[in-house]
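Me: I am new to this structure, and I would like to know what stands behind the labels people put on it. Could you take me through them?

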Amino acid sequence: MKKLLGILVLGFLWCSFSTAGEMNLWKKTIKLPEDIFKGHKKGWTFSNNFDPKTHLTPDYAFKFVNKSDGHPVRLGEQSIRFELRRGDCGVGPGGYDDCTIWNKGNGMSSERHELGSLKALKGVTWHTYSIFLSKPFPISGHAYEHISLGQMHGYPNSNPSFKWDVDGETYQLRRRTACHLKEFLKKTGNSSSGQDSFKCSLDMEGNHTENLINKKDLIGKWHDIILNIKWSTKQDGYFKQWINGKLVYHYKGNSSKPKGSINRFKFGIYRGPTYDTPKDSTHIVYYDELRYASKKCEKLGLKNLGYSCKELED
């Protein structure tokens with residue numbers, strides 16, 4: 001019974017945990033409406049904008065919104081809307097403080113409104129989500145060290161295997177799988193626990209960046225993302241990504257977090273403002289049609305999105 005009480009169906013029970021512009025997500029398990037997500041019942045957790053004293057979160061952080069109210073929706077009647085404003089940082093239940101200045105040189109801290117799946121990813125998995133960046137979406141001249149819109153990340157290892165960023169004004173995949181190799185961890189961290197020493201660099205050999213959506217097509221339209229991943233710490237893993245039905249990236253090699261860490265999917269808005277970032281800088285992103293399946297593409301039910309597993313895998 002206690003477990004059931006901790007699961008919140010936000011689309012229907014919003015008023016039960018939000019008051020006067022704030023909501024209580026502290027240590028809560030969140031269930032997404034079926035109109036937005038299908039695939040597992042593990043639920044999601046929110047990070048990381050909790051007030052250190054009240055543990056409350058601004059009610060604009062994310063909301064389930066309706067097509068009937070004029071919001072962008074990919075399919076069905078609802079989508080999920082994330083909004084991130086300057087100063088949206090806080091302390092998580094584990095004590096992690098996003099407000100910390102991580103780079104003393106440029107003043108980079110973290111601001112984020114993200115939902116992370118409680119489903120640990122292993123074996124072969126398939127995923128979809130559709131994403132819509134709402135105009136205006138300030139990038140140029142706003143001096144963010146990163147603007148991340150989704151990542152495959154799990155702790156204790158601090159480097160996401162795959163992350164998607166738009167701070168370069170394109171939709172870019174950033175792969176850091178070389179940071180999870182035993183050889184690297186033996187030199188810089190702990191290969192038995194999977195923990196690292198924050199010495200990983202995206203530019204180091206074995207990691208990679210790939211521009212997937214160009215600047216002119218990025219904002220103000222829906223993009224459908226399909227992922228197929230074989231999670232492995234060995235070189236028999238792989239990662240495939242399609243955008244709007246086109247295969248845009250195919251990687252073969254280690255794909256999983258090291259032993260001792262988990263793989264999970266996180267989405268929302270996560271960014272690194274610096275000393276030069278304007279005081280007024282807001283991002284709004286919509287997500288819809290999030291789906292998860294193990295082993296087989298057919299479980300995703302892609303037909304209503306306009307795609308065929310057979311055509312993707314040919």
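**Reading the labels**

Me: Why is Lys104 counted as buried or exposed?

Reply: Lys104 has 66% relative accessibility, which puts it among the exposed residues, because exposed means over 50% relative accessible area, buried under 20%, and partly exposed in between (1.4 Å probe, protein chains only). This lysine lies in the loop between strand E9 (78-84) and strand E10 (111-117); helices (H or I, at least four residues) and strands (E, at least two) are DSSP runs, numbered from the N terminus. Its C-alpha atom is 9.8 Å from that of Tyr275, although the two are 171 residues apart along the chain.

Me: How do you know how far to trust the model?

Reply: This is a predicted model, in which local features need pLDDT of at least 70 and side-chain atom pairs count only at pLDDT 80 or more, while totals for chains, interfaces and linings use all residues. Residues are numbered from 1 along each chain as its sequence is written, and side-chain values use heavy atoms, with hydrogens and water left out. The protein has a mean pLDDT of 92, with 92% of its residues at 70 or more; pLDDT is the predictor's confidence in each residue, from 0 to 100. Over residues 1-19, however, pLDDT stays under 50. Where pLDDT is low, the predicted coordinates should not be read in detail.

Me: What makes strand E20 largely enclosed?

Reply: Of the 12 residues in E20 (residues 283-294), 11 are buried, so the rest of the structure encloses most of the strand. E20 pairs in the antiparallel sense with E9 over five bridges, and Leu84 has His283 as its bridge partner there. With strand E11 (residues 124-133), E20 runs antiparallel over eight bridges, and Ile131 stands opposite Tyr287. Strand E5 (residues 37-38) pairs with E20 in the parallel sense over two bridges, which is enough, because two strands pair if DSSP finds at least two bridges between them.

Me: What makes Glu289 in E20 stand out?

Reply: Glu289 has a positive phi, near 50°, though it is a residue other than glycine. Most residues other than glycine have a negative phi, and most peptide bonds are trans. At 4% relative accessibility, Glu289 is also buried. Lys27 has a positive phi too, of about 55°, but at 63% it counts as exposed. As for peptide bonds, those from Lys135 to Pro136 and from Tyr155 to Pro156 are cis.

Me: Why is one space called a cavity and another a pocket?

Reply: On a 1 Å grid over the protein atoms alone, a cavity is a set of points where a 1.4 Å probe fits but cannot get out, whereas a pocket is an open set with protein on both sides within 12 Å along at least five of seven lines; lining residues have an atom within 4 Å of a point. The count comes to one cavity of 30 Å³ or more, with a volume of about 80 Å³. E20 gives the most to the lining of that cavity, with three residues. The largest pocket has a volume of about 800 Å³ and is lined by 26 residues, with Met108, Ser158, Asn159, Phe198 and Tyr270 nearest its centre. Here a volume is the space filled by probe spheres set on the points, which are joined across faces, edges and corners.

Technical notes:
Contact means heavy atoms within 4.5 Å.
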